[in-house]
Amino acid sequence: MIKFIYISLLTQHLTTSEKGKQMDKDYINVMEEIVSTLVNVLMMSPDYQTFCQCSKCRNDIISLSLNSLPSHYVTSDEGRKMIFEQLNTTENRKWINKRIISAIHTVGKFPKH
Ligand SMILES: [Zn+2]
């Protein structure tokens with residue numbers, strides 16, 4: 001059930017950012033956007049309520065996840081949309097999620113806050 005919530009939230013988030021603001025920078029890592037959204041959504045789910053919710057731990061989880069995932073930089077909103085669609089498959093979501101969950105457990109074991 002959580003899976004459905006985060007996928008819809010993720011899609012919602014990216015749709016909003018697409019419509020709303022243009023890219024803040026000249027280049028953007030689409031993987032970073034996806035991972036930070038997924039981490040925020042996962043940390044809200046009941047499964048992870050026992051884990052620390054502070055911003056230091058959250059940033060550590062995001063950084064650790066990103067270090068184990070390939071970056072996907074784009075320089076335009078069209079590219080951003082295209083890469084998002086490529087990454088947003090069931091298989092990819094499973095794999096990205098696995099890395100994030102492993103990072104949540106690592107940071108939970110060795111918090112730096
Ligand atoms: Zn913490």
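Met31 sits in helix α2, where helices and strands are DSSP runs numbered from the N terminus, with at least four residues (H or I) for a helix and at least two (E) for a strand. Is Met31 buried, exposed or something in between? It has 19 other C-beta atoms within 10 Å, so it is partly exposed. The cut-offs behind that word are simple: 20 or more other C-beta atoms within 10 Å of a residue's own makes it buried, 12 or fewer makes it exposed, and anything in between is partly exposed, with C-beta atoms placed from the backbone. Setting aside residues up to four places away in sequence, Met31 touches Leu66, Leu69, Pro70, Ser71 and His72. Touching, or being in contact, means that the C-beta atoms of two residues, placed from the backbone, lie within 7 Å. Farther along the chain there is Arg80, 49 residues from Met31 in sequence, and their C-alpha atoms are 9.8 Å apart.

Before going on, a word about what you are looking at. This is a predicted model, in which local features need a pLDDT of at least 70 and side-chain atom pairs count only at pLDDT 80 or more, while totals for chains, interfaces and linings use all residues. Residues are numbered from 1 along each chain as its sequence is written. The pLDDT is the predictor's confidence in each residue, on a scale from 0 to 100. Here the chain averages 86, and 81% of the residues score at least 70. Confidence is lowest in helix α1 (residues 2–19), with a mean of 55, and highest in helix α3 (residues 55–67), at 97.

Now for the overall layout. The chain has 5 helices and 2 strands, and starting from the N terminus the elements come in the order α-β-α-α-β-α-α. Of the 113 residues, 15% count as buried. Among contacts in the chain with a separation of 6 or more, 88% are between residues 24 or more positions apart.

Let's follow the helix that holds Met31. The axes of α2 (residues 30–44) and α3 come within 10 Å and cross at roughly 135°. Axes here are lines fitted to C-alpha atoms, for helices over the stretch in contact, and angles run from 0 to 180 degrees between N-to-C directions. α2 and α3 are therefore oblique to each other; angles under 35 degrees count as roughly parallel, over 145 as roughly antiparallel, 65 to 115 as roughly perpendicular, and the rest as oblique. α2 passes α3 in a right-handed crossing, meaning that the near helix is turned clockwise from the far one by less than a right angle, whereas anticlockwise would be left-handed. Who meets whom? On the α2 side there are Met31, Glu32, Val35, Ser36, Val39 and Met43, and on the α3 side Arg58, Ile61, Ile62, Ser65 and Leu66. Sorted by class, that contact has 7 nonpolar, 2 polar and 2 charged residues. Ala, Val, Leu, Ile, Met, Phe, Trp, Tyr, Cys and Pro count as nonpolar, Asp, Glu, Lys and Arg as charged, and the others, Gly among them, as polar.

α3 also packs against helix α5 (residues 90–109), at an angle of about 135° and with the axes 8 Å apart. This pair is therefore oblique, and α3 passes α5 in a right-handed crossing. From α3 the contact draws on Cys57, Asp60, Ile61, Leu64 and Ser65, and from α5 on Arg99, Ile100, Ala103, Ile104, Thr106 and Val107.

α2 and α5 pack together too, with axes 11 Å apart and an angle of about 60°. Here Ile34, Val35, Leu38, Val39 and Leu42 of α2 meet Ile96, Asn97 and Ile100 of α5. This contact has 7 nonpolar residues, 1 polar and no charged ones.

Two residues of α3 are worth a stop. Ser65 belongs to α3 and counts as buried because it has 27 C-beta neighbours inside 10 Å. Apart from neighbours within four places in sequence, Ser65 is in contact with Val35, Val39, Arg99, Ile100 and Ala103. Ser102 is 37 residues from Ser65 along the sequence, with 8.0 Å between their C-alpha atoms. Asn67 is in α3 as well, and with 10 other C-beta atoms within 10 Å it is exposed. Its C-alpha atom is 9.6 Å from that of Arg99, 32 residues away along the chain.
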